[in-house]
Amino acid sequence: SDIPDRVLHIDDVHKSFAGLHALSNVDLDVRQGETHAIIGPNGAGKSTLLNVCVGRIEPDRGAVVFDGDALTGKSPHEINQLGVARVFQTPEVFLDLSVLENVMVPALSRRDGHFKLNPFTAFSGETEIRDEAEAVIADVGLKNRIHMTASSLSRGDKRRLELAMGLIQHPKLLLLDEPTAGMARHDTNATIDLLRKIKERGMTKVIIEHDMHVVFSLADRISVLAGGRIIAQGSPEEIKNNPKVKEAYLGE
Ligand code: ADP
Ligand code: MG
């Protein structure tokens, strides 16, 4: 455990829900600048692991260390302030706000600490943040929906919106839980292109993904979870040819 360029270190994490071992003995390192995919069958514990990393779930045992700071015991907000942003499996956006306002919220929050949401005054006179929000919205392909209310977006577009809300934070680490779920193939491919572009900017990413096309298009390294345990780790090539992985996906 002396990998010099690792940004995230998950060390022996356990989590049970009423006797169900959702995570057992999970060790995982994420290196600076890499795109690390976590794959595995439904119910493998992928979302639980991500929720442990962002402070939504307290592990029963083990630790998560980010850039030298222990995340275990910190609140989601504190973890976010350290430079960890996430895109959840179920998009969490402000349904009553417009696309533009939604993307401005995390930027204002980052600048002002706890941001008091007052949609009548908060978004005026914020030219710089507004300009950047507009650029990020164009990046994720929502330019023509910028003034639409989030509640009126399709599920796929809500995911793009949440991605924009993550990107505008310029996180050191971006965690994505199935960012292409609910998207048609065309939108999935656009998202892959966007995530590639982000990678060129040097952003470290952990991506949970069910779609193998996405995984093999993006990942530098892959960890495979099954039954709450890491059963394989390696390059896409190594994972593709690993018999344990094929076995875990049988019966899916
Ligand atoms: P994945 O994201 O890989 O599909 P999850 O992490 O969502 O898997 O779930 C792992 C296991 O833990 C599943 O069996 C799921 O039913 C269970 N689980 C997840 N969250 C909870 C919870 N809050 N309470 C009880 N069981 C849960
Ligand atoms: Mg999940």
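Leaving aside neighbours within four places in sequence, Leu142 is in contact with Val99, Ile137, Asp157, Arg160, Leu161 and Ala164. The structure considered here is a predicted model, and in it Leu142 lies in the loop between helix H4 (127–139) and helix H5 (155–167). Although Leu142 belongs to a loop, this residue is buried, because 22 other C-beta atoms are found within 10 Å, where 20 or more are required for that class. One of the contacts of Leu142, Arg160, is separated from Leu142 by 18 residues in sequence, while the C-alpha atoms of the two are 7.5 Å apart in space.

At the level of the whole protein, the assignment divides the model into domain 1 (6–83 + 171–249) and domain 2 (93–153), and the centres of these domains, taken over C-alpha atoms, are separated by 27 Å. The largest nonpolar core comprises 63 residues, of which Val103, Ala164 and Leu175 touch the most other members. At least three residues of this core come from domain 1 and at least three from domain 2. When residues up to four places away in sequence are not counted, Val103 touches Ala133, Val136, Ile137, Ala164, Met165 and Ile168. Ala164 and Ile137 therefore appear both among the residues touched by Val103 and among the contacts of Leu142, which is itself buried with 22 C-beta neighbours within 10 Å.Helix H1 (residues 46–53) is mostly covered, with 7 of its 8 residues buried; the buried residues are Lys46, Thr48, Leu49, Leu50, Asn51, Val52 and Cys53. After H1 comes Gly55, which has a positive phi, near 85°. The helix also takes part in the surroundings of ligand 1, around which Phe17, Leu20, Ala22, Gly40, Asn42, Gly43, Ala44, Gly45, Lys46, Ser47 and Thr48 are placed. Strand S2 (20–31) and H1 each supply at least two residues of this shell, and H1, with 3 residues, gives the most. By class, the shell around ligand 1 consists of 4 nonpolar, 6 polar and 1 charged residues. Lys46 and Thr48, which are among the residues around ligand 1, are also among the buried residues of H1.

Strand S3 (residues 35–39) is largely enclosed by the rest of the structure, because 5 of its 5 residues are buried. Thr35, Ala37 and Ile39 point one way from S3, whereas His36 and Ile38 point the other way, and all of them are buried. The strand pairs with two others described here. With strand S8 (residues 204–208), S3 runs parallel and is joined by 4 bridges, and in this pairing Ala37 stands opposite Ile207. With strand S9 (residues 221–226), S3 again pairs in the parallel sense, over 4 bridges, and the bridge partner of Ile38 in S9 is Ser223.

Antiparallel pairing occurs in a separately described open sheet, in which 4 strands follow the order S2-S1-S4-S5. The edge strands of this sheet are S2 and strand S5 (69–70), each of which pairs on one side only. S2 thus named as an edge strand is also a contributor of at least two residues to the shell around ligand 1. Within the sheet, strand S1 (residues 6–17) and strand S4 (residues 61–66) run antiparallel and are joined by 5 bridges, and the bridge partner of His14 in S4 is Arg61.

Two residues associated with these strands have positive phi values without being glycine. Asp12, which has its place in strand S1, has a positive phi of about 55° although it is not a glycine. Asp12 counts as exposed, because 12 C-beta neighbours lie inside 10 Å and the exposed class takes in residues with 12 or fewer. Asp67 is found in the loop between S4 and S5, and its phi, near 50°, is likewise a positive value in a residue other than glycine. With 16 C-beta neighbours inside 10 Å, Asp67 counts as partly exposed.

How values were computed
Residues numbered from 1 in each chain as written. Chains lettered and ligands numbered in written order. Predicted model: local features only at pLDDT ≥ 70, side-chain atom pairs only at ≥ 80, totals over all residues. Core = buried A, V, L, I, M, F, W, Y, C linked by C-beta atoms within 7 Å. Domains from an automatic or database assignment. Contact = placed C-beta atoms within 7 Å. Near = placed C-beta within 6 Å. Nonpolar A, V, L, I, M, F, W, Y, C, P; charged D, E, K, R; others polar. Pairing = 2+ DSSP bridges.
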